[in-house]
Amino acid sequence: MTYEYQLLGMTCDNCEAKIKSALLKIEEIREVSVSKKNNSATISMTDHIPTSILQEKLLPLGKRYQITARKHNETVESNKSWVSAYKPILLIFVYIFSITLTIEITQLSIDLGRWMRHFMAGFFLSFSFFKMLNLKGFKDSYLMYDIIARKFPAWGYVYAFTEVLLGFALLVNFNPLITHSVALTIMTLSVIGVLQTVLNKKAIKCACLGDVFNLPMSIVTIIEDGLMIIMSLSMLLMTM
């Protein structure tokens, strides 16, 4: 995706170079062309970056630089970018929800506890699958924000295999007290690092689907982890 912007405040060729260098530090930006003569910037990016983020990157260079969008609707593009960025995770949730709901519909009666158990099993097995495609890549991404992985990098490997074991344990309903306690513990620990990253507005890649997809860390990740925490806690309370 390539977008054009009005860029005011440039007075020399050095301004062009500084601005280009600053914008290229944003992970999603692939190419930047800056023109002092036309007071413009043309930016190619993999995912749409809000103008407010671009402006924030220019602040350290001086308040005189002002960037505004041209020839595209910021809100529309932002919404398109959000759907595009999170399409993989949204599809996975839809598939798991549809399959587990179908299982319940085909039974004599709908059991909420059984549905949650199957949903959680599908969640852990699906998400662990993508992590297994590149275990080292997941481990390296995970230690960027997880509170345990930052101190013990090998935790990334342990976490991935724990998801696999939890998925199968939920499928066969193995010792519900232990299974749901472990699920609640690891998801709670995981969400702490996610919350810190989102609240500090750090631009870090989410490792929930391993190193396969370039998912940005955001409120979506918090909702994803929060949903699993609620289900784990609910199932644990049902067991007691």
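In the predicted model, helix 1 and helix 2 cross in a right-handed sense. Helix 1 comprises residues 13-23 and helix 2 comprises residues 51-58; the two pack at an angle of about 120 degrees, and their axes are 9 Å apart. Helix 1 is therefore oblique to helix 2. The contact is formed by Ile-19, Ala-22 and Leu-23 on the side of helix 1, which meet Leu-54, Lys-57 and Leu-58 on the side of helix 2. Sorted by class, the residues of this contact are five nonpolar, no polar and one charged.

Ahead of helix 2 in the chain is a loop that begins after strand 3 (40-45), and Thr-46 is found in this loop. With a relative accessible area of 35%, Thr-46 is classed as partly exposed, because this value falls between the limits of 20% for buried and 50% for exposed residues. Although 18 residues separate Thr-46 from Glu-28 in sequence, the C-alpha atoms of Thr-46 and Glu-28 are 5.2 Å apart in space.

The overall organisation of the chain may be described next. The secondary structure consists of eight helices and six strands. Read from the N terminus, the order of these elements is β-α-β-β-α-β-α-α-α-α-α-β-β-α. The C-alpha trace spans about 70 × 40 × 30 Å along its principal axes. Of the 240 residues in the protein chain, 45% are buried. The accessible surface of the chain amounts to about 12,800 Å², and carbon and sulfur atoms account for 64% of this surface. When contacts between residues at least 6 apart in sequence are considered, 68% of them join residues at least 24 apart.

Two further helix pairs, both involving helix 7, were examined. Two packed helices are described by the angle between their axes and the distance between the axes. For helix 6 (residues 155-171) and helix 7, the axes come within 10 Å and cross at roughly 145 degrees. This crossing of helix 6 and helix 7 is left-handed. Helix 6 contributes Tyr-159, Thr-162, Leu-166, Ala-169 and Leu-170 to the contact, while helix 7 contributes Thr-179, His-180, Val-182, Ala-183, Ile-186, Met-187 and Ser-190. By class, eight of these residues are nonpolar, four are polar and none is charged.

The second pair consists of helix 7 and helix 8 (residues 219-239), which pack at an angle of about 155 degrees with axes 8 Å apart. An angle over 145 degrees counts as roughly antiparallel, and helix 7 and helix 8 are therefore roughly antiparallel to each other. The crossing of helix 7 with helix 8 is left-handed. In the contact of helix 7 with helix 8, 16 residues are nonpolar, seven are polar and one is charged.

Individual residues of helix 7 illustrate these packing arrangements. His-180 is found in helix 7, which covers residues 176-199. His-180 counts as buried because its relative accessibility is 2%, under the limit of 20%. Residues up to four places away in sequence being left out, His-180 touches Met-120, Leu-170, Ser-232, Met-235, Leu-236 and Thr-239. Val-191 also lies in helix 7. The relative accessible area of Val-191 is 9%, so that Val-191 is likewise buried. Apart from neighbours within four places in sequence, Val-191 is in contact with Ile-222, Asp-225 and Ile-229. Val-191 and Ser-40 are 151 residues apart in sequence, and their C-alpha atoms lie 41 Å apart in space.

The loop between helix 6 and helix 7 was considered last, with attention to the backbone angle phi. Most residues other than glycine have a negative phi. Asn-173, which lies in the loop between helix 6 and helix 7, has a phi near 60 degrees, a positive value in a residue other than glycine. Asn-173 is partly exposed, with a relative accessible area of 38%. Asn-175 has its place in the loop between helix 6 and helix 7 as well. The phi of Asn-175 is near 30 degrees and is thus positive, again in a residue other than glycine. Asn-175 has a relative accessible area of 35% and is partly exposed.

Conventions:
Residues numbered from 1 in each chain as written. Predicted model: local features only at pLDDT ≥ 70, side-chain atom pairs only at ≥ 80, totals over all residues. Heavy atoms only, no water. Axes fitted to C-alpha atoms, helices over the stretch in contact; angles between N-to-C directions. Helix = DSSP H or I, 4+ residues; strand = E, 2+ residues; numbered from the N terminus. Parallel < 35°, antiparallel > 145°, perpendicular 65-115°, else oblique. Left-handed = near helix turned anticlockwise from the far one by under 90°. Contact = heavy atoms within 4.5 Å. Nonpolar A, V, L, I, M, F, W, Y, C, P; charged D, E, K, R; others polar. Buried < 20%, exposed > 50% of the residue type's maximum accessible area, 1.4 Å probe, protein only. Areas by Shrake-Rupley, 256 points an atom, 1.4 Å probe, with all protein chains shown as cover.
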